[in-house]
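Student: I should like to examine one part of this model closely. Please describe, in one connected account, how the protein meets the nucleic acid.

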Number of protein chains: 2
Amino acid sequence: MNKRKELTMDKLREYLDKKNIHPSYHRLKILKYLMEHKTHPTVDMIYKDLSKEIATLSKTTIYNTLSLFLKEGIISCLTIDENKIMYDYNTKPHVHFICIKCGCVYDIHLKCPIFDKEIIEGHKITEYHIYLKGICKECLKNA
Amino acid sequence: MNKRKELTMDKLREYLDKKNIHPSYHRLKILKYLMEHKTHPTVDMIYKDLSKEIATLSKTTIYNTLSLFLKEGIISCLTIDENKIMYDYNTKPHVHFICIKCGCVYDIHLKCPIFDKEIIEGHKITEYHIYLKGICKECLKNA
DNA sequence: ATCATTGCAAACACTTTGCATACGC
DNA sequence: GCGTATGCAAAGTGTTTGCAATGAT
């Protein structure tokens, strides 16, 4: 989906239709949220934000929808923070960094040669996660 | 600690003493378990196995002990399986692979150039986790 | 009318906390 | 005896499940 195109509900509907996912209102809103918030939100964040707009939204629906999106491969999830699962509209393998002080998660734009391998030590690789932890540049500044 | 040396309780006691961790019986047993089971056990596995030997052992003690070991940097933990935390006596950065069919976790003996960097995009890195997911060689064989 | 989606409430699994007891020096 | 380690039970947190209500075609 072209970044420059506006995320109209019609475009999103089309997008889900192509993936054979019934484009219900809630699903469209959750997809839109993920596309517009590349900050690796948790279920809780999505719930807090979207329930302002959709008063009757339940967490179950968010769980259901995210599982569906995951299964269909249109989103991915990270476990860089051991306490919660974060969701990411970007499914291409990339590197994440989490600050152990402030908890911020950054995308790292670093090519990793491991991403090119399909078989490693006999195992077939389908997913790559690289998690770095430490002190982020902002926290380093303020130290 | 030299692999060839036997893991006597005395050696373990000495080891914890050096790290300024009071070497209680439970702590020694849990440390010994981690050293002898490099299979990335969960709290539950440690509890199931060790409570056979130590009838009064509680999970709280295992949680306490593992947090302490983590804090002191003598073990590390992995979140490759989003549903549970696994513990690893190996604290050197290395690569893990999990099979999405059988759930087995393998250590991958692969050098990764990212491990050599201390600063990436301005952030100070103190921990590296590389998680690969896919189908393990055993499951590939049986497919 | 039928089938899928939604949402509440309960169940679940894992982890942490509070506090009383036991242990070691 | 004092400070730490331990362990039970309860509370907390994040996620899943069962099932009834709602919605779309």
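**The surface near DNA strand C**

Tutor: In this predicted model, a phosphate oxygen of DNA strand C is 2.8 Å from a polar backbone atom of Thr56(A). Two side chains also approach the phosphates. An N or O atom in the side chain of Arg27(A) is 2.6 Å from a phosphate oxygen of the strand, and a polar side-chain atom of Thr61(A) lies 2.7 Å from a phosphate oxygen.

These three residues, together with Ser24(A) and Tyr63(B), are the closest of the 14 residues that surround DNA strand C. By class, ten residues of this surface are polar, three are nonpolar and one is charged. On the DNA side, sugar or phosphate accounts for 73% of the strand's atoms within 4 Å of the protein, and bases account for the rest.

Three helices each supply at least two residues of the surface: helix 2 (25-36) and helix 4 (59-71) of chain A, and helix 4 (59-71) of chain B. Helix 4 of chain A gives the most, with three residues.

The two helices of chain A also meet each other. The axes of helix 2 and helix 4 of chain A come within 10 Å and cross at roughly 70°, so the two helices are roughly perpendicular to each other. Their crossing is right-handed. Helix 2 of chain A contributes His26(A), Arg27(A), Ile30(A), Leu31(A) and Leu34(A) to the contact, while helix 4 of chain A contributes Thr61(A), Ile62(A), Thr65(A), Leu66(A), Leu68(A) and Phe69(A). Seven residues of this contact are nonpolar, three are polar and one is charged.

Methods
Residues are numbered from 1 along each chain as its sequence is written. Chains are lettered from A and ligands numbered from 1 in the order in which they are written. This is a predicted model: local features need pLDDT of at least 70, side-chain atom pairs count only at pLDDT 80 or more; totals for chains, interfaces and linings use all residues. Side-chain values use heavy atoms; hydrogens and water are left out. A residue is near a molecule or strand if one of its heavy atoms lies within 4 Å of it. A polar contact is a pair of N or O atoms within 3.5 Å; within protein, one must be able to donate a hydrogen and the other to accept it, and residues adjacent in sequence count only if both atoms are side-chain atoms. Helices (H or I, at least four residues) and strands (E, at least two) are DSSP runs, numbered from the N terminus. Ala, Val, Leu, Ile, Met, Phe, Trp, Tyr, Cys and Pro count as nonpolar, Asp, Glu, Lys and Arg as charged, and the others, Gly among them, as polar. Axes are lines fitted to C-alpha atoms, for helices over the stretch in contact, and angles run from 0 to 180 degrees between N-to-C directions. Angles under 35 degrees count as roughly parallel, over 145 as roughly antiparallel, 65 to 115 as roughly perpendicular and the rest as oblique. A crossing is left-handed if the near helix is turned anticlockwise from the far one by less than a right angle, and right-handed if clockwise. Contact means heavy atoms within 4.5 Å.
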